[in-house]
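Me: I am new to this structure and would like a close look at a single part. Could you take me slowly through one sheet and what lies around it?

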Amino acid sequence: MKAVIAFFLILTLAPSSEAQVRGGRPAPQPDRYVLIHAGTLLAVPGKKAQKEKTIVVINDRIGRIEQGFVSADAVNAPAGSVVEIIDLSDHFVLPGLMDSHVHLRGEPSRSRRRTERGDRADPTAAQMAVNAMIYARRNLAAGFTSVRDVGSNDESVFAARDAINRGRMIGPRILVSGSALAVTGGHGDGIPMLTTGDPAARLAEGTCDGPIECRKAVRYNYKLGADLIKFTSTGGFGSNTGLDPQLFADEIQAIVETAHLLGMKATTHAYSAISIKEAIRAGVDSIEHGFLLDDEAIRMMKEQGVFLVPTLSAAYPPPIFNIPNPESVRIRNEWRAFERAHAAGVKIAFGTDAGTFKHGTNAKEFDFMVEFGMSPMDAIRSATIVTAELFGINDEAGTLEPGKLADLIAVTGDPLQDIGALHDIDFVMKSGKVAKQSGKMTEPFTYD
Ligand SMILES: [Zn+2]
């Protein structure tokens, strides 16, 4: 199904001298109106979807939403404006999706398997920067207009984020943590033995021991331009370090307090309930994975408004790894933390751990959420409104309402009936710019 675009120029002539370059100053840009004819519109996930609406996008934001399919003449755009119509009258339109847990600089591949066997050197920073650009675009193509990169121990993702923010490349809005902070020998400590004592290497890798070093590691990431802080309180499946606590309470407190002092949110990779509760006591904003949540931890999360980022997809290792009966699946199914937290009313932010599996297949998380008892509407609400709240961008995104950024997607099926419809994203608009049309990505670069 093709989304047809028609262009109109509002021909009531603007005073031409105003529009010319004058005194060396560039002429003001005309307003760009995009009228999106939405067959079905889920403007605010959690509320009912509506039929036959026109979303009036003005430049990068939603101006208003009108009943019926409004024509270019009827929209009353100011003289000189460009008006464009996008026909999504046989589509289901909803806010852009958000993923709280991705790793943009890599993904499993046969070459990475070779790396793990020691046949091949780690990818270089340059290779990871190219990966970050490509995988960011692939997340956008999958309908994710905002993502949070929670752990990349080089500056590749910062570079991708900055290129997108400056408009040089169309990609998702990226919140970046920089290196995930870990203790010596902990999950996420990648420093080679010989350089373990080198202070510069420790900071670059985000390795810290004791409150003083951990404060410094937070400040270092902040100085690099981090939007948030991620730390690993327990071991993890990926590093073979078990699932038990690795940080002392004073280290957790130092990290969370320093992040908050600098206006950043703090999130922790945590499996063991002891570490989860220690992090909640310290004021952490979200728990990543949380597979071993106990009832007390669930109660504390609910009371203090701490988000769970379930990463159900991450429990299932990609087939490429060929691991029979993975431990992660057994533990997930035994503890059912997602189901119990959801039933207790804990806020569930959508997060996948894409990068530990193929980028762009993030929507499989929706399948797990629905399979484990969440309604399709709540799963969509999780990936929009709830995650926007965790990101701290709910004034700007998460719903389609006047004044918000025009981040929206369209599918041909009805995801409220069949959540699988979100695997096939036909149309993506990010900040008022069309990024995907009739299933194909548009030109990525400005070449500025
Ligand atoms: Zn992760």
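**The parallel sheet and its surroundings**

Reply: In this predicted model, Ser-286 stands opposite Phe-307 in β12, and that pair is a good place to enter the sheet. Strand β11, which covers residues 286–289, pairs with β12 in the parallel sense over three bridges. Widening the view, these two strands belong to an open sheet of four strands, arranged in the order β9-β10-β11-β12 with parallel pairing. Its edge strands are β9 (228–232) and β12 (307–309), each of which pairs on one side only. On average, and with direction ignored, neighbouring strands of this sheet are turned by 25° against each other. As general background, strands of a sheet pair through backbone hydrogen bonds, either parallel or antiparallel.

A helix also belongs in this picture: α8, made up of residues 273–281, packs on the sheet and touches both β10 (265–270) and β11, while its direction makes about 170° with that of β10.

The surroundings of the sheet can be followed further through the largest nonpolar core, which has 125 residues, and in which Ile-229 and Ile-255 touch the most other members. This core draws at least three residues from each of two domains, namely domain 1 (5–95 + 400–441) and domain 2 (97–391). When neighbours within four places in sequence are left aside, Ile-255 is in contact with Leu-181, Cys-214, Val-218, Ile-229, Phe-231 and Ala-266. In soluble globular proteins generally, nonpolar side chains tend to be buried together.

Key
Residues numbered from 1 in each chain as written. Predicted model: local features only at pLDDT ≥ 70, side-chain atom pairs only at ≥ 80, totals over all residues. Pairing = 2+ DSSP bridges. Axes fitted to C-alpha atoms, helices over the stretch in contact; angles between N-to-C directions. Contact = placed C-beta atoms within 7 Å. Core = buried A, V, L, I, M, F, W, Y, C linked by C-beta atoms within 7 Å. Buried ≥ 20, exposed ≤ 12 C-beta atoms within 10 Å, placed from the backbone. Domains from an automatic or database assignment.
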